[in-house]
Amino acid sequence: MEDFESTTEVLGFTPRFQKVSEQKQLCLVVVTGAEKGAVFPLHPGTATLGRSAQHSDFVILGRGLSRAHARLEISEGAEVVVEDLESTNGLFINGNKTRRGALKPGDTLTLGPDVSLRLDAPDQSIQSLLQEMHKGATLDALTGLINRRSFLERLEEETAATHRHSLQTCVAMVDVDHFKSVNDTYGHPAGDAVLVEVARRLTKHVRQEDVVARFGGEEFVALLRHTDLAGGVALLDRLRGFVSDEPISVPTPGGPETIRVTFSAGITQLDRQANCEQLLERADMALYEAKRRGRNRVVSSQASV
């Protein structure tokens with residue numbers, strides 16, 4: 001029988017040794033919920049936890065979370081006190097409901113039925129590793145937007161909240177027009193540059209409470225909170241102008257060039273009858289209709305512009 005081990009190359013290497021940083025920093029790590037794995041470093045001062053980017057410093061999605069759910073007070077001596085901000089479902093420290101209480105490393109803070117966070121003090125290298133792992137699992141590597149899986153989790157949360165509180169929320173599918181021709185004409189690096197810039201313009205001009213994600217390929221998806229269908233259509237049409245009006249610089253084999261791109265979009269409004277899959281299907285059908293009508297336009301599931 002052939003000795004396979006004898007064919008292994010002898011490298012004669014010396015392992016690299018990197019000392020782990022002994023400097024520690026308090027942080028909250030999400031251990032359950034849609035944001036599982038997220039790390040929130042804590043610094044002296046105050047910080048608010050909640051589901052609204054307008055009302056909270058640390059935005060966490062989860063069933064039963066209030067817009068501004070709890071406030072953290074962090075002292076210079078790394079003491080942490082948490083206070084309920086009259087949230088609907090309260091807060092719990094190690095399973096005990098409280099209005100205000102101290103948190104120690106290892107304690108669990110629960111907000112609503114699904115979201116729990118752990119106060120920890122890892123060294124900086126471990127904290128960075130946790131952040132990178134969460135980033136890799138939730139963000140699109142090219143554009144930096146949240147990825148498809150993370151968006152679907154957020155859509156589930158938003159759909160449940162919409163049903164409970166009779167909120168108005170829209171979901172939209174956005175597709176870059178003639179994207180294949182960009183790749184074919186200028187090369188894939190140019191296509192990547194287009195996607196990155198479209199993502200930047202979308203996120204720059206949506207409202208703070210809205211969510212934009214890369215859904216796959218040249219397709220993006222947006223969750224437009226607290227807006228009716230007419231308002232959602234108007235917002236998307238403004239975004240369409242922000243993308244199409246200014247040319248995009250892209251790399252080509254012959255050097256940088258500027259090109260103009262447009263997008264088509266389909267939008268629908270969340271309602272009590274449709275689940276997430278049905279909502280996305282409705283938005284996708286409206287997107288298909290926008291392309292059928294000539295692209296560079298927004299079509300809703302009920303009306304078009």
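How do the residues of the lining of the second largest pocket divide into nonpolar, polar and charged? The report takes up this question under the second heading, after the model and its largest pocket.

## Model and largest pocket

The structure is a predicted model. Its largest pocket holds about 420 Å³ of space. The lining comprises 25 residues, and those closest to the pocket centre are Glu-35, Val-59, Ile-146, Arg-154 and Val-211.

Three elements each give two or more residues to this lining: helix 1 (124–138), helix 2 (148–165) and strand 13 (211–216). Helix 2 supplies the largest share, namely three residues. By residue class, the lining of the largest pocket consists of 11 nonpolar, seven polar and seven charged residues.

## Second largest pocket

The second largest pocket encloses about 240 Å³ of space. Among its 15 lining residues, Arg-51, Gly-64, Leu-65, Ala-161 and Arg-164 lie nearest the centre.

In answer to the opening question, the lining of the second largest pocket divides into three nonpolar, six polar and six charged residues.

## Cysteines and disulfides

The model holds zero disulfides. Two cysteines may be described by their accessibility. Cys-27 has a relative accessible area of 0% and is therefore buried, the cut-off for that class being under 20%. Cys-276, with a relative accessible area of 9%, is likewise buried because its value falls under 20%.

Notes: Residues numbered from 1 in each chain as written. Predicted model: local features only at pLDDT ≥ 70, side-chain atom pairs only at ≥ 80, totals over all residues. Heavy atoms only, no water. Disulfide = S-S within 2.5 Å. Buried < 20%, exposed > 50% of the residue type's maximum accessible area, 1.4 Å probe, protein only. 1 Å grid on protein atoms, 1.4 Å probe; cavity = no way out; pocket = protein on both sides within 12 Å on 5 of 7 lines; lining within 4 Å. Points joined across faces, edges and corners; volume = space filled by probe spheres on them. Helix = DSSP H or I, 4+ residues; strand = E, 2+ residues; numbered from the N terminus. Nonpolar A, V, L, I, M, F, W, Y, C, P; charged D, E, K, R; others polar.
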